[in-house]
Structures are given as C-alpha cells and as structure tokens.
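Student: I would like a close look at a single part of this model, taken slowly. Please keep to what can be read from the coordinates.

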Amino acid sequence: MHPSEQTIFALSSGRLPAAIAIVRISGPQSSAVLSALCGRVPSPRLATRCLLKSQAGEPIDDAMVLWFPGPASATGEDVAELHIHGSRAVLAALIGELSTFEQLRPAEPGEFTRRAFENGKIDLTGAEALDDLIHADTDQQRRQALRQLQGLLGDRARAWRQQIIEAAALIEASIDFSDEGDVPDELQAPAFAKIAALAAEIGEVLTAQHHGERLRDGLVVAIVGRPNVGKSTLINQLARREVAIVSPHAGTTRDVIEVHLDLGGYPVTVIDTAGIRDTLDAVEQEGVRRAQARAADADLVLWLADDDDEMPPAIGSDQVVVWRVRNKIDLQSEAGARADGNLSAASQSFAISAKQGEGVAALVGAIGEFAGNYFGAGETTLISRQRHRDLLQQTVQMLQCSIADRDRGEELVAEDLRSASRALGRLLGQIDVEDLLDVIFSEFCIGK
C-alpha cells in the first residue's frame, strides 16, 4: 500500500501536560479504529463522550470524540479526533494502542495539510498560509497569514489563470481559422487586449506591494557604533532586560546579540554588534567583521555615537537606511540636550540617554513607524513569500513576450501564454511542484 493510502495519526495539539490533548486520525481505516476504541462510530460532526478502551478491553481514558467522514473533512478523507485528558501518561497509552493497528502509522511533518492539498481542500498558497499562521508571532503576521488562508492570493491567481486560458483559446482558434480572411484578426484583437490588461494588473501588484514577503522574517535593525558608546545599554533598554553585558572596557561585545520585538504588530529584530574599531585582537577582529556584515544586510542601521561631530561611515549599499543616534545626553549640558532633543525622525537624528531611558520611547516609536511604512501599513498584501513574487514576475514576463511575439506567429504567442499559465499553476500548486511540496510540508510540525 502506498504511504498516501495509509491511515495516519498524531498529536495535533500543543505541548504536554495540558488540560486537553487532541489526537487526530486520517485515512480509510479511521472508522474501524474509532469503532475499536469506542465500540461504535458516533454521529458525524457531533461531539460524543466515549470511554476509550484498548483491544484487550483495558480502559485508556474518558474522552470526547468527533467523527468527520470524508470528503467533508479537513483532509478530504475520513477523520477522527480524540480529545483526551492532556497528561503524558494518557497520551502514551493511546499512542501505544494506536500503534498496534495494522495499516496505521504515525504522521510525518505536515502530512495532514499535504493530504488536504492533494485532495483539493486547499491550494498551495493556502497551505503556506496555514504554516505562516501557526508560526505567527505578531498581529500583522497573523493578519497577513489569515488573509492568505482565506484565498486572497489564491483566488486572484485562479482568476488570472482563467483569463490567460481564455486568451490562449482565442489565439489557438485563430490558428485553426488562419485561412478564412478576417477571422484571425477578430479573434486576436480581444485576446491581446486581455493579455495587455492582465500584464498591467499583475505588474501593478508587483510594483505596489511593500516587502510583504519579508513580514514573515521581520525588519532587521542593527545598532552600530564605536566601542563604549552605549550599544549594549540601548539594546538592554529595548529588550527591558539584560541581554548584553555592559562594561566600561572596550571590546566587551564580540558576537552579534539579537532581540525580537513586536512594534505595532510588526516583527522587528534588533541586533547589538561589536564596536567598530581597528584592533590587533583576532577574536575582536572577527566580531568587527560580523558587525559590519550584519549592518550591511540590515534594513535600518542606528549609528550610535556620543559625539555630535561623529558621522557614520558608509554602511552596505545605498539601500540601507542609517539614522544618527546621539547617546549619553544625561552627561551633557541641559541646553545641548534640549536642542538635540528637538531633532525628529524626519531628519533621521535622535538624542537619547540609553542609561536613563530618556528619548528611547521616541526612538522606538520612530522604528515602529518605519516598520509600518516598510511593510506597507494598511495595504492588503497579496505577496507573502518570495516564491509568489518570482512566479508572478515570470507570469508578467511571459505575457509581455506574447505581445512582443505577435508579429512572429500565433504559435509563439500560444506557447508564451502556456508558459504564463504554467507559472500561475505552479503558484497554486497545480502543476510541476513535487520537489517544492517536499520542502514546504517538511517545515510543518507533526500533527498539522
């Protein structure tokens, strides 16, 4: 029997111990297993109390059981859910009993969701969205994943693909009637109008979207500066706990320290780096190299200094945004502190006291606003993975090629449109994605 035809089971709820644990069973043997454990198969989609017993008649647990006959189930197969008391002993007894049934095996990571995909319950964008929803840490990540799960991109992609198929049908029909005078022109004109409008629509989506695929990983902010300017003190303030060692000795921080923040629902990773200076210490040299590399890859760099005249060096490419942050205003004159305190995010300069916390709230607020602008606050993001962007770009490219090939022959145009349709098919997981499926579903947890 092929593994996909076997019945699978797994714990589908969280870490034990817990009040309730849910064990899910999916596959053709689900009803037989449920009947053996409960003595009967309960009414579909009706929570039923049942004393679970082993095949030897030993009681396992007093449980709540749900039965979902396929195809009206999450996976499209027969599915049973056993809601048991969430102790390790109860779960071990139940898993041990399930392991005694023939043609029943533990599920692999993501196998329940993969079966739902293969049975047409969700498309590939929905499966990816489910994984994103499970791993969402912030409200904006949750919102984006939920929109995708509800078909935000999948529905649009299906509509786009249908328009391409309709245009391709007109082009191919013009080939069939190529010897009948004006018929080909009458068929091609609406086809190319549809193609041009579709290429413009998808191109606009690609241009307008603001880093939606980066929301899964979050914005990266690097704190960079010379030794002893207060970088570690600042990251401790941002984390509201001591994550970095603060010392008056230069070169204390030698590795990259990360803190994950939720700013206005957006995920932000702040990194504390080694002080940038020339040094003969081999370990510190490596720390400086890592600091410069991480700063070059960051989305926003906070150049921390305690001197008004110190300007940040060139960091990475021109795409890296650098803000000047003057620290230790508590050690300077009140007049000077007030003057610098009036500097705003628009001028990309701030004055703070990382030790006392003065000005830090304003800096955090500016970072949160920057994150919202970076990810496109308030917009409905269609693109949530780089894979989506790449395939939509391929689609637009092939649509544009079909327009360019208009004078070279209908056969070339038809092939261009087939390529565009295939790109959207791969986006939805409908064609030629077997290797990709193995990668995507291996990232899921067991029980999903």
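Student: Which strand is joined to strand β1 (residues 7-11) by three bridges, and do the two run parallel or antiparallel? Please describe the sheet around this pair as well, and then the surroundings of R385 and S353.

Tutor: This is a predicted model, and what follows is computed from it. The partner is β6: three bridges join β1 to this strand, and the two run parallel. Within the pair, T7 is placed opposite L104 of β6.

The sheet that holds the pair is open and has six strands, in the order β3-β4-β5-β2-β1-β6, with mixed pairing. The edges are formed by β3 (48-53) and β6 (104-106); each has a single partner strand, so one side of each has no neighbour in the sheet. On average, neighbouring strands of this sheet are turned by 30° against each other, ignoring direction.

Two helices lie across these strands. Helix α1 (residues 30-38) lies across β1, β2 (18-26), β3, β4 (59-68), β5 (79-86) and β6, and its direction makes an angle of about 80° with β3. Helix α2 (residues 88-98) also lies across β1, β2, β3, β4, β5 and β6, and runs at about 150° to β5.

Next, R385. This residue is in the loop between α11 (360-375) and α12 (386-404). R385 has a relative accessibility of 8%, which is under 20%, so R385 counts as buried. Its side chain reaches the backbone oxygen of E128 at 3.3 Å. Leaving out residues up to four places away in sequence, R385 touches E128, D131, D132, E213, R216 and E443. E128 therefore appears twice for R385, in the list of residues touched and, through its backbone oxygen, as the atom reached at 3.3 Å.

S353 lies in another loop, between β12 (349-351) and α11. Its relative accessibility is 0%, so S353 is buried as well. The side chain of S353 makes a polar contact of 2.9 Å with the side chain of D330. A polar atom of the S353 side chain also lies 3.1 Å from the backbone nitrogen of Q356. Not counting neighbours within four places in sequence, the contacts of S353 are N327, K328, I329, D330, E358 and V360.

To return to the starting point, β1 and β6 run parallel and are joined by three bridges, and β6 stands at an edge of the sheet with a single partner strand.

Technical notes. Residues numbered from 1 in each chain as written. Predicted model: local features only at pLDDT ≥ 70, side-chain atom pairs only at ≥ 80, totals over all residues. Heavy atoms only, no water. Helix = DSSP H or I, 4+ residues; strand = E, 2+ residues; numbered from the N terminus. Buried < 20%, exposed > 50% of the residue type's maximum accessible area, 1.4 Å probe, protein only. Polar contact = N/O pair within 3.5 Å; in protein donor to acceptor, adjacent residues only side chain to side chain. Contact = heavy atoms within 4.5 Å. Pairing = 2+ DSSP bridges. Axes fitted to C-alpha atoms, helices over the stretch in contact; angles between N-to-C directions.
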